[in-house]
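Here are a few short exercises, each with a worked solution. Take a look at the model, then work through them at your own pace.

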Amino acid sequence: MSLPASRSRPAASARGQRAEKAIVDAVLDLLDQDDASGLTVDKIANRAQVGKPTIYRRWSTKSELVAYAFGNLADPLPSGPQASLRDILITALTEFHARLTDTRHGRAWRKILGSQGEYADAMSIYRDKYLNPRRAALAAALQTHIDNGTIRNDVDAETLIRVISNTMLGGIITPDEPATTTSPELIVDLFLNGLLTGAAHNPPSPPPR
């Protein structure tokens with residue numbers, strides 16, 4: 001399952017945030033609209049209307065920028081005692097869904113995957129800096145729910161990640177499947193019906209009056 005890490009860059013000024021958004025948007029727009037082999041820092045700078053030094057102050061190579069453009073798209077996984085299992089899974093699957101469907105994100109992602117090794121460095125950075133940490137965070141969150149009895153203890157976190165992501169993938173690559181079968185909310189709710197323990201799934205009846 002491809003699930004990028006949560007964003008971890010330091011806070012920037014409002015002007016810096018606008019420049020960063022313009023640069024990331026430029027990367028995704030150019031990959032979406034043009035051949036992936038034609039992506040250059042010059043084109044990105046022109047599209048974003050920034051100088052090349054603005055780009056190189058943030059990312060030392062094009063590969064780092066491309067990896068960030070995809071890794072930065074994922075919302076952070078909900079955390080803390082108030083984070084529900086349902087919210088954690090839906091957040092994870094929503095990003096996965098965006099990269100597999102006909103969105104700017106998804107189309108650009110497919111260009112990268114089909115680039116025959118040109119973006120091998122970017123993909124390596126993406127895996128190490130975004131995908132693997134996010135997957136580990138998701139597995140840890142699921143393990144917490146297994147340990148506290150919310151999820152049945154006869155499943156493990158890694159198996160759950162594979163099964164639930166492959167369910168979405170199967171719905172997307174099957175042309176005749178209705179769009180609702182790939183809804184992150186629907187998939188999560190269907191799985192939770194079979195994963196939650198009785199105490200978690202069936203709330204106690206109210207006391208008699």
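Helices (H or I, at least four residues) and strands (E, at least two) are DSSP runs, numbered from the N terminus. The model is predicted, so local features need pLDDT of at least 70 and side-chain atom pairs count only at pLDDT 80 or more, while totals for chains, interfaces and linings use all residues. Residues are numbered from 1 along each chain as its sequence is written, and side-chain values use heavy atoms, with hydrogens and water left out.

**Exercise 1.** Describe the span that UniProt lists as "DNA-binding region".

Step 1: The record, an unreviewed entry, gives residues 40–59 for this feature. UniProt positions follow the numbering used here, feature names are shortened, and annotations may be inferred rather than shown by experiment.

Step 2: Helix makes up 75% of residues 40–59 and strand 0%. The C-alpha atoms at the two ends of the span are 13 Å apart.

Step 3: For the wider setting, the protein chain has ten helices and zero strands.

**Exercise 2.** Classify the ring pair formed by Y126 and Y130.

Step 1: A pair of aromatic rings is described by the distance of the centres and the angle of the planes. Rings of Phe, Tyr and Trp (its six-membered ring) pair if their centres lie within 6.5 Å; planes under 30 degrees apart count as stacked, over 60 as edge-to-face and the rest as tilted. This rule gives five aromatic pairs.

Step 2: The ring centres of Y126 and Y130 are 6.4 Å apart and the planes meet at 35 degrees, so the pair is tilted.

Step 3: Both residues sit in helix α7 (residues 120–147), four residues apart, about one turn of the helix.

Step 4: One aromatic cluster takes in Y126 and Y130 along with W59, Y68, F70 and W109.

**Exercise 3.** Are Y126, Y130 and Q143 buried, partly exposed or exposed?

Step 1: Buried means under 20% relative accessible area, exposed over 50%, and partly exposed in between (1.4 Å probe, protein chains only).

Step 2: Y126 has 2% relative accessibility, so Y126 is buried. Y130, at 5%, is buried too.

Step 3: Q143 also lies in helix α7, but its relative accessible area of 30% makes Q143 partly exposed.

Step 4: To place Q143 further, take D156: the two are 13 residues apart in sequence and 7.3 Å apart in space, C-alpha to C-alpha.

Step 5: Across the protein chain, 41% of the 209 residues count as buried.
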